[in-house]
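Hi,

Here is the structure I said I would pass on. Have a look at it first, and then read my notes below.

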Amino acid sequence: MSTHPSRRSFVSLAAAGFSTLALPRLAQAQLQPKTEPPPRALQLEHAVTAPVSVEVNARSIANFEPRDRSRTRFGSLDFRSGLVLTSPYRGFGGLSGLRFLDGKGERFLAISDQGGWFTGTIRYSGREMVGLADVEAAPVLGADGRPITEKRLWYDTESLARDGNLVYVGLERVNQILRYDFAKGATGARGEVIAVPPALRKLPYNKGLEAMVVVPKGQGPGKSAQPLAGTLIAFSERGLDADGNLLAFLIGGTTPGQFSVRRSENFDISDAVLLPSGDLLILERKFSWFTGVNIRIRAIPLKSIAPGAVVDGLTLFAADLGHEIDNMEGIDAHVTAEGETVLTLISDDNFSMLQRTLLLQFALVE
């Protein structure tokens, strides 16, 4: 990203969806009032229509903060490496969710907010990312085996969760969740709509289902996390309770229900990841006409989550457009052979020439 002030200003507007002049037709369609959903043709502009191998080019980000090239520590995170990703493939971009398919931070599954799967491998040189290999794209399929983008408004695939071979996809516009069994064809598997709480279905248009994690059985130290074992936790981007806090839902498991995440400084949720330690990390972002785009990561103890609870946590990390960020929408974690917890963040470029697809990695400093 250029450090020229005007460039920063345009990227700030685009990342938050505020500049109808700068964004392409798809992003403009997202700004239409609730009573005027975007035409179907605009939904399909960057959709993946068939499985295909994808060329992805990578340029290294040497410094997370160009203003201070010697700095690597940012809050509780230590910057490891970053990449700017580009591709001649028209459907590459809009990446809103990321999950690793192995324990090494190499093989990944990502999802585009126009109903496309992306799989591939992150290549490393030592501890630094240097590129992607074997990238493939495929359409997200419905129960009928057809791309979900063929259904009205079923394209805004914003959230992704994984529980072994089971993968969950959240659709923001219609506030539905699809479950995929990757043992049955991987990205060629068919999605099954699962039952969700009525309140989840009523989340605001284009501010609804934005992040999901699954609590595996046995997650967390001791028995403190056991009540949530097998639970799918779903977060809204900006669905608010009566006190202005962010709505979240416990689906399945032994303690289903609804809870809230304390909202502060006008941040909205964009993704979440569950660490082996039992902490839930929430990736958040906000837009301001004065400061542009900001992101932060909060840590919320899993044991504090229960039906009816209002949870909060410490801020581990914060960044703005003085750093190498964009519209960061995806986060996942892996633990290295040396025992380091590494966070990987990915950005949604809204298919805009003024934004970038970034892949960033940080080590979590205890």
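**What I found**

D268 stands opposite R285 in β18. That pair is a handy way into the model, which is a predicted one, so please read everything below in that light.

The strand partner on the D268 side is β17 (residues 268-274), which runs antiparallel to β18 and is joined to it by six bridges. Four residues sit between the two strands of this hairpin, and G278 takes a positive phi there, near 100 degrees.

On its other pairing, β18 meets β19 (residues 292-301), again antiparallel, through ten bridges. One of the facing pairs is L281 with A299 in β19. The link from β18 to β19 is a hairpin too, with three residues making the connection. How much of β18 (residues 279-288) is buried? Eight of the ten residues are, so the strand is mostly covered.

**A five-stranded sheet**

There is also an open sheet with mixed pairing, and its five strands come in the order β13-β14-β15-β16-β20. The edges are held by β13 (209-214) and β20 (310-311); each has a single partner strand, so one side of each is left without a neighbour in the sheet. For β20 that partner is β16 (residues 257-261), and the two pair in the parallel sense over two bridges. If you want a spot to click on, S260 has V310 in β20 as its bridge partner.

**The cavity**

Why bother with a probe at all? Rolling one the size of a water molecule over the atoms shows where empty space is left. With a threshold of 30 Å³ or more, the count comes to one cavity. The space in the largest cavity is about 80 Å³.

Its lining is made up of L85, F92, L95, L98, F108, A110, F118, I122, L132, I346 and L359. Sorted by class, that gives eleven nonpolar residues, no polar ones and no charged ones. Three strands, β5 (95-100), β6 (107-112) and β7 (116-125), each supply at least two residues of the lining.

**Two asparagines with positive phi**

Two backbone angles are worth a check in your viewer. N175 has a positive phi near 50 degrees, in a residue other than glycine. It belongs to the loop between β10 (166-171) and β11 (176-181). Is N175 buried or exposed? Its relative accessible area is 2%, so N175 is buried.

N206 also has a positive phi without being a glycine, in this case near 70 degrees. You will find N206 in the loop between α4 (198-201) and β13, the strand that stands at one edge of the five-stranded sheet. With a relative accessible area of 17%, N206 counts as buried, because the cut-off is under 20%.

**The chain as a whole**

For your own bookkeeping, the chain has four helices and 24 strands. Of its 366 residues, 59% are buried. Taking contacts between residues at least 6 apart in sequence, 57% join residues at least 24 apart. The accessible surface of the chain comes to about 14,900 Å², with 51% of that belonging to carbon and sulfur atoms.

That is what I have for now. Shout if anything looks odd on your side.

Cheers

Methods
Residues numbered from 1 in each chain as written. Predicted model: local features only at pLDDT ≥ 70, side-chain atom pairs only at ≥ 80, totals over all residues. Heavy atoms only, no water. Pairing = 2+ DSSP bridges. Buried < 20%, exposed > 50% of the residue type's maximum accessible area, 1.4 Å probe, protein only. 1 Å grid on protein atoms, 1.4 Å probe; cavity = no way out; pocket = protein on both sides within 12 Å on 5 of 7 lines; lining within 4 Å. Points joined across faces, edges and corners; volume = space filled by probe spheres on them. Nonpolar A, V, L, I, M, F, W, Y, C, P; charged D, E, K, R; others polar. Contact = heavy atoms within 4.5 Å. Areas by Shrake-Rupley, 256 points an atom, 1.4 Å probe, with all protein chains shown as cover.
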